[in-house]
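Q: Could you take me on a close look at one buried spot in this protein, and then show me how the rest of the chain is laid out around it? A connected walk-through would suit me best.

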Amino acid sequence: MHHTLQEWEEKPICEPDFPEVEARQLHAAAERAARQLKLPRTAVLTRTHRGLEAGQVVGILQTPGTTLEILPKIDGQKKDGTRKALVHMLATIWNLNVAHGELARLLPQQNDILEFFVRLFAERLLAAVQRGLPRRYLEREEDLGLLRGRLDVTRQFTRLAVRPDRLACRFDELSENTPLNRVLKAAVSRLRQMTRSADNARLLIELSFRFESVRSSPAPLSERVRTDRSNTAFHDLYRLARLFLSGEWQSTTSGKIQTGFSLLFPMNDLFEEFVGQTLKRALAPDRVHLQHQGKHALARESVGHVFALRPDIVVDASDRPMVLDTKWKQLQPGDRKLGIKQSDVYQMLAYAQAYQAERLALIYPWHKDMKEPEGLYETLRLPESDQRLDVVTVDVSNPDGIEKTLRGYFEEIGKGDASALQNAH
């Protein structure tokens, strides 16, 4: 059974569409996922007197026989449009180049975002392995009739002392049984058990045959994989494989082993990472620093710096750095303070002091009640100071346009700063 919710939406228990047993399994899985994410136990799903209510965590939660898809609440978008926006955001933070053609072709065919990424993974992996599995030279030891490689003297005169017809050989052999292939094989095997799509199942079965020469790994997430130029085509696939494998869980209830899967993202973190990665493309990767560390709010004479600061984004400007923070919440245009929390302002002022930044920005999702288009919405000035706090919005329902919006914002403030400098002279 497949169910879809948006943030803060409630799913009432209703036989036979959403029976009590499904609700209990999903609620238990949601609490387990919240613990793994180090969030409050009700962050994913809350049990209400009517059913289950989604929190501010999006993605996929799967239990035996049931899949729950939680989508972000994006103003003015129906669930299909919201699903497309979420796929785009996830592809951006995972550095996956998902073309519009792939979205248009695959997304309508899949039941949820999980099946979309399973199909994307399976198609790309099949295309890669059709050109050959990545191979490496691995050291082998074997007792042969003729010398191959070099002689293992110690083994020859101990274990083979009574076998003059055998030589203790040690040699390198080009093998497909590499740590990378073992991780990919484990992901294919796991997805075969998990997928509910017949088309995806057929692709995964074909992939299983391609990996027959690779041994199964008892602990694929502990494999020491080395990615380099020789296996560049598999880098993105390896990242996806680890994501699929890390979302698996097992539990024992009433003596029975139950398996499930979760691929969940707190929307605050997802929005922050998406804006940061998009800003790296809009400007330059070396100018944009995500989760910057090294600055502190205060210092104690006896112990040194205290109260470490960690702003979402720091951008290298021409003279002083600029600090940006993302907020996954709606601005309130009719409110005197625009709905900006006072604690967020205090936080930005601490950043301004520590980084000696004259310009700060809070980035919010745009919504239809805002009269201004996305981009720079308003600039707040600190009294008797040159410091400014920009309020910026981005339209998450059109993720393709956010890079242009952010680039345009920096061009706009750059021109404004240049003009102000000329007037000062």
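A: Let's start with Thr 278 and its contacts. In this predicted model, once neighbours within four places in sequence are set aside, Thr 278 is in contact with Thr 92, Ile 402, Glu 403 and Leu 406. The residue belongs to helix H9, which covers residues 267–282. With a relative accessible area of 1%, Thr 278 is below the 20% cut-off and therefore counts as buried.

From one residue we can step back to the chain. The protein chain has 425 residues, and 45% of them count as buried. Its secondary structure comes to 11 helices and 19 strands, and the C-alpha trace spans about 95 × 65 × 50 Å along its principal axes. Among contacts with a separation of 6 or more, 65% are between residues 24 or more positions apart.

Aromatic rings are a good next stop: the structure holds 6 aromatic pairs. In one of them, the ring centres of Trp 94 and Phe 117 are 5.0 Å apart and the planes meet at 70°, so this pair is edge-to-face. Trp 94 sits in the loop between helix H2 (79–93) and helix H3 (100–106), while Phe 117 is in helix H4 (residues 113–129); the pair links distant parts of the chain, 23 residues apart. Trp 94 is buried at a relative accessible area of 12%, and Phe 117 is buried at 1%.

Another pair is formed by Phe 121 and Phe 244. Their ring centres are 5.5 Å apart with planes at 80°, so they too are edge-to-face. Phe 121 lies in helix H4 and Phe 244 in helix H8 (residues 235–246), so the pair ties together parts that are 123 residues apart in sequence. Both Phe 121 and Phe 244 are buried. Ring pairs also join Trp 94, Phe 116, Phe 117 and Phe 265 into a cluster.

Rings meet charges as well. The charged end of Lys 11 sits over the ring of Phe 18, 5.9 Å from the ring centre. Likewise, the charged end of Lys 295 sits over the ring of Tyr 355, at 5.8 Å from its centre.

Next to Phe 18 in sequence comes Pro 19, in the loop between strand E2 (10–12) and helix H1 (20–36). Pro 19 counts as buried, at 11% relative accessibility. Leaving out neighbours within four places in sequence, Pro 19 is in contact with Ile 13 and Cys 14. As a sense of scale, Pro 19 and Glu 206 are 187 residues apart in sequence and 36 Å apart in space, C-alpha to C-alpha. The loop between E2 and H1 also holds Pro 16, and the peptide bond from Glu 15 to Pro 16 is cis, with omega near 0°.

Most peptide bonds are trans, and most residues other than glycine have a negative phi. Leu 338 has a positive phi of about 65° although it is not a glycine. Leu 338 is found in the loop between strand E16 (322–326) and H10, and at 7% relative accessibility it counts as buried. Gln 356 also has a positive phi, of about 50°, and is not a glycine. Gln 356 lies in the loop between H10 and strand E17 (359–365), and at 43% relative accessibility it counts as partly exposed.

Helix H10 brings us to the empty space. The second largest pocket has a volume of about 330 Å³. Of the 16 residues that line this pocket, Lys 337, Ile 340, Val 345, Leu 380 and Leu 389 are the closest to its centre. Helix H10 (342–355) and strand E18 (375–381) are the elements that give two or more residues to the lining, and H10 gives the most, with 4 residues. By type, the lining divides into 10 nonpolar, 1 polar and 5 charged residues.

There is enclosed space too: the structure holds 1 cavity of 30 Å³ or more. About 60 Å³ of space lies in the largest cavity, which is lined by Pro 134, Arg 135, Arg 136, Thr 178, Leu 180, Ser 230 and Asn 231. Those lining residues divide into 2 nonpolar, 3 polar and 2 charged.

Key. Residues are numbered from 1 along each chain as its sequence is written. This is a predicted model: local features need pLDDT of at least 70, side-chain atom pairs count only at pLDDT 80 or more; totals for chains, interfaces and linings use all residues. Side-chain values use heavy atoms; hydrogens and water are left out. On a 1 Å grid over the protein atoms alone, a cavity is a set of points where a 1.4 Å probe fits but cannot get out, and a pocket is an open set with protein on both sides within 12 Å along at least five of seven lines; lining residues have an atom within 4 Å of a point. Grid points are joined across faces, edges and corners, and a volume is the space filled by probe spheres set on the points. Ala, Val, Leu, Ile, Met, Phe, Trp, Tyr, Cys and Pro count as nonpolar, Asp, Glu, Lys and Arg as charged, and the others, Gly among them, as polar. Rings of Phe, Tyr and Trp (its six-membered ring) pair if their centres lie within 6.5 Å; planes under 30 degrees apart count as stacked, over 60 as edge-to-face and the rest as tilted. Buried means under 20% relative accessible area, exposed over 50%, partly exposed in between (1.4 Å probe, protein chains only). A charge sits over a ring if NZ of Lys or CZ of Arg is within 6 Å of the ring centre and within 35 degrees of the ring normal. Contact means heavy atoms within 4.5 Å.
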